[in-house]
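Please load the coordinates in your viewer and keep the selection tool at hand. The tour proceeds by successive selections, each followed by a description of what is found there.

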Amino acid sequence: MKVTRLEIPDVLLVEPKVFGDTRGFFYESFNAEGFRVATGLGLDFVQDNHSRSSKGVLRGLHYQLPPHAQGKLVRVVRGAVFDVAVDIRASSPSFGRWVGAELTEENHRQLWVPPGFAHGFLVLSDSADFLYKTTDYYAATHERCIAWNDAALAIEWPLYALQTAPTLSVKDAAAPGLSAAELFA
């Protein structure tokens, strides 16, 4: 497994070792000990989630507040997405900055999004199956979101790939900007 610290060093790009031949491929999508050794993080994942979305769907920017803050290990098993993590820790030197990576079924990349970050993704393929492990359970009363297009964040979503506006949920369309959002200390 190869682990790369992104421009915000708490966010990690994880690339598993993939074994492939004419029959297909095999890789360990998660191994707790291998992950701990490669990242230095001993995490307990408690929930796995799977979403399927059509091209142009933008989900996010989502997060949960303490005491139910979630870290997420995300990946795509079918299709392609542009995945984003935004630092919303008010005391962090990288507060308000974002990092993004393309996750596809071909590149097998995973992104570690720690607690204290808002997360979102834009589907680039006709559809995408998106899987993620979380370090805490879903807690609706602690869930929050930030506007995907907040000018203060200036996220460079690859909207040129869509040739139309992204498709949003009602909740995501009504999300506040960073300046009005509940944040981490």
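The stops below pass from the sheets to the helix, the cores and the salt bridges.

**The six-stranded sheet**

Note at the outset that this is a predicted model. Begin by displaying the open sheet of 6 strands, whose order is E1-E2-E10-E7-E12-E5 and whose pairing is antiparallel. Which strands stand at the edges? They are E1 and strand E5 (47–54); each has a single partner strand, so one side of each is left without a neighbour in the sheet. From one strand to the next, the twist averages 25°.

Next, select strand E7 (residues 72–78) together with strand E12 (residues 127–134). The two run antiparallel and are joined by 6 bridges. Within this pairing, Arg75 stands opposite Leu131 in E12.

**Lys133 and its surroundings**

Remain on strand E12 and select Lys133, which has its place there. Is Lys133 buried or exposed? Its relative accessibility is 19%, and Lys133 therefore counts as buried, the limit being under 20%. Expand the selection to its contacts: leaving aside residues up to four places away in sequence, Lys133 touches Phe30, Phe45, Gln47, Asp48, Gly71, Lys72 and Leu73. With one of these, Asp48, the side chain of Lys133 makes a polar contact of 3.1 Å.

**Helix H1**

Now select helix H1 (residues 32–39), which lies across E1, E2 and E7 and runs at about 40° to E1. At the start of H1, display Asn31: one of its side-chain oxygens reaches to within 3.1 Å of the backbone nitrogen of Glu33. Then move to the residue just after H1, Gly40, where phi is positive at about 80°.

**The five-stranded sheet**

Proceed to the open sheet of 5 strands, ordered E9-E8-E11-E6-E13 with antiparallel pairing. Here E9 and E13 stand at the edges with a single partner strand each, so one side of each is left without a neighbour in the sheet. Neighbouring strands of this sheet are turned against each other by 25° on average, direction ignored.

Isolate E6 and E11 for a view of one pairing. These strands pair in the antiparallel sense over 4 bridges, and Arg59 stands opposite Phe121 in E11.

**The nonpolar cores**

Which residues have the most contacts inside the largest nonpolar core? Select Leu61, Tyr63, Val86, Ile88, Ile146 and Trp157, which hold that position in a core of 22 residues. Strand E6 (58–64), E8 and strand E11 (117–123) are the elements that give two or more residues to this core. Of these, E8 gives the most, with 4 residues.

Centre the view on Trp157. Not counting residues up to four places away in sequence, Trp157 touches Leu58, Leu61, Phe82, Val84, Gly120, Phe121, Leu122 and Trp148. A second core, separate from the largest one, has 19 residues, including Val76, Ala101, Phe121 and Val123.

**Salt bridges**

For the last stops, turn to charged side chains. Side chains of opposite charge can pair when their charged atoms come close. How many salt bridges does the model contain? The count comes to 10 salt bridges.

Select Asp10, Asp87 and Arg89, which are linked in a network of salt bridges. Arg89 forms one of them with Asp10, with the closest N and O atoms 2.8 Å apart. This pair links distant parts of the chain: Arg89 is in the loop between strand E8 (80–87) and strand E9 (98–104), Asp10 is in the loop between strand E1 (2–5) and strand E2 (12–15), and they are 79 residues apart. Arg89 also forms a salt bridge with Asp87, the closest N and O atoms again being 2.8 Å apart. The two acidic partners can be coloured by accessibility: Asp10 is partly exposed, with a relative accessible area of 34%, whereas Asp87 counts as buried at 0%.

Finally, select Glu143 and Lys171, whose side chains meet in a salt bridge of 2.9 Å, N to O. Glu143 lies in strand E13 (residues 143–145) and Lys171 in helix H2 (residues 170–173), so the pair ties together parts that are 28 residues apart in sequence. Glu143 is partly exposed, with a relative accessible area of 21%, and Lys171 also counts as partly exposed, at 38% relative accessibility.

How values were computed: Residues are numbered from 1 along each chain as its sequence is written. This is a predicted model: local features need pLDDT of at least 70, side-chain atom pairs count only at pLDDT 80 or more; totals for chains, interfaces and linings use all residues. Side-chain values use heavy atoms; hydrogens and water are left out. A salt bridge is a side-chain nitrogen of Lys or Arg within 4 Å of a carboxyl oxygen of Asp or Glu. Buried means under 20% relative accessible area, exposed over 50%, partly exposed in between (1.4 Å probe, protein chains only). Two strands pair if DSSP finds at least two bridges between them. Axes are lines fitted to C-alpha atoms, for helices over the stretch in contact, and angles run from 0 to 180 degrees between N-to-C directions. Contact means heavy atoms within 4.5 Å. A nonpolar core is a set of buried Ala, Val, Leu, Ile, Met, Phe, Trp, Tyr and Cys residues joined through side-chain atoms within 4.5 Å. A polar contact is a pair of N or O atoms within 3.5 Å; within protein, one must be able to donate a hydrogen and the other to accept it, and residues adjacent in sequence count only if both atoms are side-chain atoms.
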